[in-house]
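Work through the following exercises with the sequence and the coordinates open. Each task is followed by a solution in steps.

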Amino acid sequence: MEKTMDDPPISAVLLEHCNFSQVVFNSVEKFYVPGGDITCYYTFTQPFIPRRKDWIGIFRVGWKTTQEYYTFMWVTLPGDPNKESAKQHEVQFKAYYLPKDDEYYQFCYVDQDGMVRGASIPFQFRPESEEDIVVVTTKGKVEEIEQHNQELCRENQELKDSCASLQKQNSDIQAELQRKQEELETLQIINRKLEQKVEEQKACWETELLQLKEQNQKISSENEKMGVRVDQLQKEQQKNLEQTVEKMKQKESTTMKKKQELMDENFDLSRRLSDNKIICDVLKREKERLEKENDLLKKENNRLLSYMGLDVDSLMYQVPPSDQGDARQNPGLVYGNPYTGIQESSAPRPKCLICMSDFDGICDHTLEQQHMQTCFLNCPICDKAFPAREKQIFDDHVFCHSL
């Protein structure tokens, strides 16, 4: 089927439910020549009123529903339906939209509800020929047409019967519609009651909502007060914390100063202890040297006494008083001090035990310690002391730390 730009209103109503007597088609040819436009003439009966969406379609004979149209044209509404000239109407179908086969077709008038209000006699689209003319003038063809007309009358009667049935169905539908309308009114009453209840419930909810808003405002005000109080407490705590931190910093600074002083004092004591240890070591070595010299002097003294033929034991009891005093003063000398009586000016000057230099004009003990410190080399890593004359050993020691 071919359709124009706008599809017409259709329905699935069957043939037996249609009324074909309200629109009558006039001057319908038995066949139309293909390739040319055709004009369809039709007339409205008195009770029928055309509407804007009514249309006329070309249907193949044997159609069942209005959906089976081949092509259609919209109906032109009359200006004044009461005039006689307005009862005869026409519509023109263009050749481009017409069928191209030689099947039987017919015009049908369909209203905007999709109901068929009129149908024409069948016709064909085929070229004119002499055989057709002969057939038309034959008696057999006339009888065939009359027979076909009788069939159409019978179909028309059947359609009228089906129309009566449809009217009965329409009345039943109207009764059902009335019943539905009453149910609808009942539902509307129920709906109004529900709406009233909803309005009441809504008013109740609005009241509760207003109360909740007031409570919310009170809580918000209390929260603001609590927030201000919390801010004040936080500021006070922050201030106290800052003061505590400042005090801790001052205390830490004082403690660090004391610690630094104690470390300096400890370092000074460690240095002095190291110096004293060095002096002690030097004095020990000097003592050992003096003991060795004393032993050598004892041996030399014994040798001289033996050479003189004197007995050492007998001389112990024959020592003069002056010699005894000297012996008491010098218990390390067995036979007294051989240098007794020597003038004080001839006594040896004090010397440094490390570098053996004289302490000329040095009487202070502190100056002596300072001089002793200059005679030693201290390791910067382990604070071990070395005599200044042993510089090579000191350098080797420091190099071992780097390894």
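The model is predicted.

**Exercise 1. Classify Glu293 by its accessibility, and place Glu293 relative to its salt-bridge partner Arg289.**

Step 1. Glu293 has a relative accessibility of 34%. Buried requires under 20% and exposed requires over 50%, so Glu293 counts as partly exposed.

Step 2. The salt bridge between Arg289 and Glu293 has its closest N and O atoms 2.4 Å apart.

Step 3. Both Arg289 and Glu293 belong to helix 2, where four residues, about one turn of the helix, separate them.

**Exercise 2. Arg289 also forms a salt bridge with Glu286. Find the N to O distance, the spacing along the helix and the burial class of each residue.**

Step 1. The closest N and O atoms of Arg289 and Glu286 are 1.9 Å apart.

Step 2. Arg289 and Glu286 are three residues apart in helix 2, so about one helical turn separates them.

Step 3. Arg289 has a relative accessible area of 36%, which makes it partly exposed. Glu286, at 16%, counts as buried, because the cut-off for buried is under 20%.

**Exercise 3. Carry out the same analysis for Glu300 and Arg303.**

Step 1. The side chains of Glu300 and Arg303 form a salt bridge with an N to O distance of 2.3 Å.

Step 2. In helix 2, Glu300 and Arg303 are three residues apart, so they are separated by about one helical turn.

Step 3. Glu300 is partly exposed at 35% relative accessible area. Arg303 is partly exposed as well, at 47%.

Step 4. For the structure as a whole, the number of salt bridges is 14.

**Exercise 4. Describe the surroundings of Arg51: its element, its accessibility, its contacts and its salt-bridge network.**

Step 1. Arg51 sits in the loop that runs between strand 3 (38-44) and strand 4 (55-60).

Step 2. With a relative accessible area of 31%, Arg51 is partly exposed.

Step 3. Leaving out residues up to four places away in sequence, Arg51 touches Leu77, Asp111, Gln112 and Asp113.

Step 4. Leu77 is 26 residues from Arg51 in sequence, and their C-alpha atoms are 7.0 Å apart.

Step 5. A network of salt bridges links Arg51, Asp111, Asp113 and Arg117. Asp111 and Asp113 therefore appear both among the contacts of Arg51 and in this network, where a bridge needs a side-chain nitrogen within 4 Å of a carboxyl oxygen.

**Exercise 5. Which elements give two or more residues to the lining of the largest pocket, and what is the lining made of by class?**

Step 1. The largest pocket has a volume of about 660 Å³. Its lining has 26 residues, and those closest to the centre are Phe20, Gln106, Ala119, Leu152 and Glu155.

Step 2. Strand 1 (23-26) and helix 2 (139-308) are the elements that give two or more residues to the lining.

Step 3. Helix 2 supplies the largest share, nine residues.

Step 4. Counted by class, the lining has 14 nonpolar, seven polar and five charged residues.

**Exercise 6. Examine two loop residues, Ser27 and Cys375: is each buried or exposed?**

Step 1. Ser27 lies in the loop between strand 1 and strand 2 (31-32). Its relative accessible area is 57%, so Ser27 is exposed.

Step 2. Phi of Ser27 is near 55°, which is positive although the residue is not glycine. Most residues other than glycine have a negative phi.

Step 3. Cys375 is placed in the loop between helix 5 (365-374) and strand 10 (376-378). Its relative accessible area is 8%, so Cys375 is buried.

Step 4. Ala388 is 13 residues from Cys375 along the chain, with 5.2 Å between their C-alpha atoms.

**Exercise 7. Summarise the whole protein: secondary structure, burial, contacts and exposed area.**

Step 1. The secondary structure consists of six helices and eleven strands.

Step 2. The protein has 403 residues, of which 21% are buried.

Step 3. Take the contacts between residues at least 6 apart in sequence: 61% of them join residues at least 24 apart.

Step 4. The exposed area is about 30400 Å², with 54% of it supplied by carbon and sulfur atoms.

Definitions and conventions
Residues numbered from 1 in each chain as written. Predicted model: local features only at pLDDT ≥ 70, side-chain atom pairs only at ≥ 80, totals over all residues. Heavy atoms only, no water. 1 Å grid on protein atoms, 1.4 Å probe; cavity = no way out; pocket = protein on both sides within 12 Å on 5 of 7 lines; lining within 4 Å. Points joined across faces, edges and corners; volume = space filled by probe spheres on them. Nonpolar A, V, L, I, M, F, W, Y, C, P; charged D, E, K, R; others polar. Buried < 20%, exposed > 50% of the residue type's maximum accessible area, 1.4 Å probe, protein only. Contact = heavy atoms within 4.5 Å. Areas by Shrake-Rupley, 256 points an atom, 1.4 Å probe, with all protein chains shown as cover.
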